[in-house]
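This report is meant to be read alongside the coordinates, with the sequence open for reference. It goes from the chain as a whole to single elements, pockets and backbone angles.

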Amino acid sequence: MQLFLDTASVNEIRTMWEVGILDGVTTNPTLVAKEGRRFEELLREICALGVPSVSAEVVATDTEGMLSEGRRLREIHPAIYVKVPMTPAGLRATRTLAKEGTRVNMTLVFSANQALLAAKVGAAYVSPFIGRLDDQGQDGMNLVRDIVTIYRNYRFPTRVLVASVRHPVHVLDAAKAGADIATMPFAVMEKLAQHPLTDLGLARFLKDWEKVPKG
Ligand code: E4P
């Protein structure tokens with residue numbers, strides 16, 4: 001399974017890219033706004049790090065506007081995936097962009113039927129927002145399982161990108177469900193490597209090593 005960072009922070013992306021566990025980045029207008037920088041300049045800097053997949057979202061809500069923004073975004077760098085919201089206008093825009101060879105990440109997906117439509121119009125990624133469903137008292141991971149089943153049943157090539165991840169158990173369950181990608185905040189990715197028994201074990205090994213005769 002691929003691991004993406006859900007951030008627009010160049011520092012966070014650089015840190016995980018250098019560790020060697022990062023496969024891609026997803027941004028959204030909220031994350032970009034936090035950085036206080038011009039969107040295209042920020043995207044160029046992220047792409048220059050060498051990350052192979054960088055999702056950048058359109059903010060137009062009509063098909064023509066989405067097409068024009070999407071075409072501009074994809075010209076920025078070959079790593080760009082254009083993020084388009086799951087609306088009727090977004091479906092039309094995705095169909096056209098996909099036919100032109102642009103890779104689209106259909107975002108704000110909250111039902112399996114929406115994911116079915118995203119696959120039918122040729123989206124490269126579908127992004128179910130599981131944390132936001134959990135917040136509403138629904139089981140977001142059930143949605144991931146349904147999408148994986150549907151895509152396997154019909155051999156859709158659209159990849160399932162689990163979004164709105166809030167904690168490491170979401171990542172584990174997404175992997176068990178057979179999702180292709182999980183995108184997560186920096187703090188969640190950091191936690192994937194951590195375990196208190198690892199820290200305790202290392203401290204004990206180092207302490208015992210002091211008793212080994214040296215020289
Ligand atoms: C993914 O592409 C989205 O930007 C993101 O996962 C949304 O997460 P949130 O629900 O924590 O805002």
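What follows describes the fold, a group of strands, one helix, two pockets and two residues with unusual backbone angles.

**The chain as a whole**

The model is predicted, and its protein chain comprises 11 helices and eight strands. The C-alpha trace spans about 75 × 40 × 30 Å along its principal axes, and 47% of the 215 residues in the chain are buried. Where contacts join residues at least 6 apart in sequence, 56% of these contacts link residues at least 24 apart.

**Strands β2, β3 and β4**

Strand β3 has a parallel partner in β2 (residues 24-26), to which two bridges join it, and another parallel partner in β4, with four bridges between them. On the β2 side, Thr26 has Ser55 of β3 as its bridge partner, while Ala56 of β3 is bridged to Val82 in β4. In a regular strand the side chains alternate between the two faces of the sheet. In β3 both faces are covered, with Val54 and Ala56 buried on one side and Ser55 and Glu57 buried on the other.

**Helix α4**

Helix α4 (residues 63-76) has 14 residues, so at 1.5 Å a residue its expected span is 20 Å, and the 20 Å between its end C-alpha atoms agrees with this. The buried residues of α4 are Thr63, Gly65, Met66, Leu67, Glu69, Gly70, Leu73 and Ile76. An α-helix has 3.6 residues a turn, so residues three or four places apart point the same way. The elements that cover the buried residues of α4 include α3 (39-48), β3 (54-57), β4 (80-85) and α5 (88-99).

**Two pockets**

The table sets out the volume of each pocket and the classes of its lining residues.

| Pocket | Volume | Classes in the lining |
|---|---|---|
| Largest pocket | About 340 Å³ | Seven nonpolar, nine polar and seven charged residues |
| Second largest pocket | About 160 Å³ | Five nonpolar, one polar and four charged residues |

The largest pocket has 23 lining residues, and those that lie nearest its centre are Asp6, Asn28, Leu31, Arg132 and Pro185. Helix α2 (residues 29-35) gives the most to this lining, with four residues.

Around the second largest pocket the lining consists of Asn28, Pro29, Val32, Phe39, Glu40, Glu57, Val59, Glu69, Arg72 and Leu73. At least two of these lining residues come from each of α2, α3 and α4, and α4 supplies the largest share, three residues. Glu69 and Leu73 of α4, which line the second largest pocket, are also among the buried residues of that helix. Likewise Glu57, a lining residue of the second largest pocket, is one of the buried residues of β3.

**Two positive phi angles**

Most residues other than glycine have a negative phi, and most peptide bonds are trans. Against that background, where do Arg155 and Ser164 lie? Arg155, which is not a glycine, has a positive phi of about 50° and lies in the loop between α8 (140-154) and β7 (159-162). Ser164 has a positive phi near 60°, and its place is in the loop between β7 and α9 (168-177).

Is each of the two residues buried or exposed? Arg155 has a relative accessible area of 74% and is therefore exposed, the cut-off for exposed being over 50%. Ser164 has 10% relative accessibility and so counts as buried, the cut-off for buried being under 20%.

How values were computed
Residues numbered from 1 in each chain as written. Predicted model: local features only at pLDDT ≥ 70, side-chain atom pairs only at ≥ 80, totals over all residues. Heavy atoms only, no water. Expected span 1.5 Å × (residues − 1). Buried < 20%, exposed > 50% of the residue type's maximum accessible area, 1.4 Å probe, protein only. Contact = heavy atoms within 4.5 Å. 1 Å grid on protein atoms, 1.4 Å probe; cavity = no way out; pocket = protein on both sides within 12 Å on 5 of 7 lines; lining within 4 Å. Points joined across faces, edges and corners; volume = space filled by probe spheres on them. Nonpolar A, V, L, I, M, F, W, Y, C, P; charged D, E, K, R; others polar. Pairing = 2+ DSSP bridges.
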